[in-house]
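Visitor: Please take a close look at one part only, and go through the order and pairing of its strands.

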Amino acid sequence: MPVNPLQDGLRLEPTPGPATLVIFGASGDLTRRKLLPALYRLSRDQRLPARFSVIGVAREEFGDDGFRQQFRDSLREFAGLAGDDDVARSLRERMHYIGGDFKDPALFGRLAASIQASDGAAGVLFYLAIPPGAYPNVIEQLGAAGLSTASGAGWRRIIIEKPFGTNLQTARELNGLVHRHFDEEQVFRIDHYLGKETVQNLMVFRFANGMFEPVWNRRYIDHVQITAAETVGVERRAAYYEGAGALRDMVQNHLMQLLSLIAMEPPIAFTAESVRDRKMDALLSVQPLEPQDVVRAQYEAGWVMGAAVPGYRAEPGVDPGSRTETFVGLRMQLDSWRWAGVPFYLRTGKRLPKRTTEIAIQFRRPPLQIFKRVSQSSVAPNLLIINVQPDEGISVRFDAKLPGTRMQLAPVMMNFRYGSAFGGSVPEAYETLLLDALLGEPTLFARHDFVEASWALIAPVHARWEADTSAAVPVYEAGEWGGMEADALMTRDGRRWRTL
Amino acid sequence: MSSSPPGMLLPLGVEVPFSDIELALGRNGADERRRVPGRALTATLVVLGSHARLAEAAEAVEQLPDIGVRAILISNGTNTAPTVRVHEYSIALDGLRPDYLNNAVAALRLSSLPTVVWWRGGAPEMLDGLADLADRLIFDAEEPGAVWARAAALAERTAISDIRWARLTRWRALMAHFFDIPDVRREATSFNRLRIEGADVDAGRLYAGWLASSLRWTPDVAVDVRIRPGGASIERIELGDGEQALTLQLVPGTSCVETAVRVKGHVEASRVVSLGDQRLAVLLGEELRIRSRDLAFEHAVAGLQGVA
């Protein structure tokens, strides 16, 4: 009996085979806030294999008990689990911890022994939840310890968190290093935006519905706006953010992913390579960014979400003379048959008035304004809004006649909200992505060439900014939408940013 | 609004003439006091059966975890003009004469979404007419023999399934996990005994039918389905040959199953795994997520012929 005949027609969603998850950075923020709660939820929903264990690795020496206590604390704080339950208990018993210096080969020897002894030695997923500076060392050590290759039917995979490199050159170097020890199909470069339900639904929306694709082009679409706005400031990430800025932190990864999903041609099948090839095509069609296509700004003291907040340069850990941008706005042109002449406007920033990520597709107005004479209100262009967060869903704006004897028009919205439409809870992005990596499904992860192409796109912008130290970095008041330069980027084209 | 006598289907709803059903449902959206949550409707769910079984079904529909449906509850009766009540997205027709069933379903189903019929009892021959109106029939009869006997013919016209089958999903998955082990697959041809114990002998037989069809059993495999009144529908399953055994055993008082493997070359310590949420609403939700033919179910029903 070469294959399992009882798997045919089983309704349960696929469950990974026996596996061990090794988290580097087990004591870190990402592990506590996202990874451990995601593991709990996956376990609760019976999406983890029966033979599954977790090995935490970090510098601290707090042992199995300390790691398990952290798991308990993490569930209380970030998963809303007040007490303990059977799921948490069962998962906790399968958690182990190894402390030590990532540069110490002996640590990896102990890790190899621990994997060998663990329940799910057949498959091992390494998760690099560590500062990017530590990636090369850990990857080298994994390779040197023989942990990057599996024997027999087993597998080894690695999840690498963003930022993947700090510029084109470092991204290439990191890819080169990774590929010395792991084949590309073993590598899962995570961008948590891609795990969001609405982002996954983008492909369903476009390619499972015949009515949208015919109008998804330059003939009907006027322009696209992509916004990723945060109300928070730099928080405790000043050391990282000072060297990154909004362009590296958000545009190179999250916004490029969203843009490519909106702009891509239909893949021939819903397979990882087909989807990623088409996304890559879309990215390659983006024209080089000219100086007039990019604006930057830095927040000054202001008022956000009911509280006075300091300016960026007054934040702890930030250079008082910092030139790091906390807001960036871009105008992108895609040189493709579908999108020629349709600008894509992107903006992202910190300390903006509200936390929201959305894609707004504005359609052209009808060629003839036949209601102009009879209606006092002007006709608003149709708008398709894809809310990525926090309220995941899709809205369509169209004009309707107001009830009454007169011909009066008003825009109305048709709303679809994941939260209310299906009633159940929407899985966290990290749940989806962790499970996909355990299943070996790479569609929602960034491929090496995509990462390099997106760095290549923004590299000239950085080069110009670094060369020009004489001009002051424009500013915006915290709690505003990025300042005059951002507005000018749109008004120059006769358009306006959406007021969110 | 009429009063809400106990035992009435949709007691929180309002009584309306049949011709005003859509009007009343429309008012739900317009009236602030009765505005219903904005669930996305994904199907018309027609529930058929006795009054008592429909009350239980209404509760399950109310508790559906993440799917919105227009539920049409029709209890068996003798009325040509049954009492009609509406509540949120649900409609109840109490005591409709069976020969008007198809007319009622045809009038109330949403034309733009799939129609799923949840059959909780009634004259099985009514299924023939419903098959043409439904995109899926979900059987849930207390005595399923007569319905399963028609399954093959019905499957030619629409997709079919059974709530009992949904209840077996995790039991099937656990047995399938055993067969992921190469040693088990190697020894599987020698397995000649299956013993199933539980309160629902029909569920046990269906499980046996699934194994028989999936493993292409010949009649020399001894199948023993034993009833254990008062307990869970399935309590224990053991497949093996006397020396080797794959065992699934419900842990008393819990919704967990202890699994154990004992085959040549592979002995695994027993594990306890959750059977998951087996509430009717969750099983119904599982069924409503599936729109295609369930060939494994069809084959399992066909495999019943070889099961004593």
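Guide: Two strands count as paired if DSSP finds at least two bridges between them. Strands are DSSP runs of E with at least two residues, helices are runs of H or I with at least four, and both are numbered from the N terminus. The model is predicted, so to speak of local features requires pLDDT of at least 70, side-chain atom pairs count only at pLDDT 80 or more, totals for chains, interfaces and linings use all residues, and side-chain values use heavy atoms, without hydrogens and water. Residues are numbered from 1 along each chain as its sequence is written, with chains lettered from A and ligands numbered from 1 in the order written.

The part chosen is an open sheet of nine strands in chain A, with mixed pairing and the order 16-15-14-13-7-12-11-8-17. Its edges are strand 16 (409-417) and strand 17 (475-477) of chain A, each of which pairs on one side only. From one strand to the next, the twist averages 20 degrees; angles run from 0 to 180 degrees between N-to-C directions, and axes are lines fitted to C-alpha atoms, for helices over the stretch in contact.

Within this order, strand 7 (residues 221-229) and strand 13 (residues 356-363) of chain A run antiparallel and are joined by eight bridges. A:Thr227, for instance, has A:Glu358 in strand 13 of chain A as its bridge partner.

Helix 8 (residues 238-263) of chain A packs on the sheet. This helix touches (heavy atoms within 4.5 Å) strand 7, strand 11 (327-333), strand 12 (343-349), strand 13 and strand 14 (383-389) of chain A. The direction of helix 8 makes about 145 degrees with that of strand 12 of chain A.
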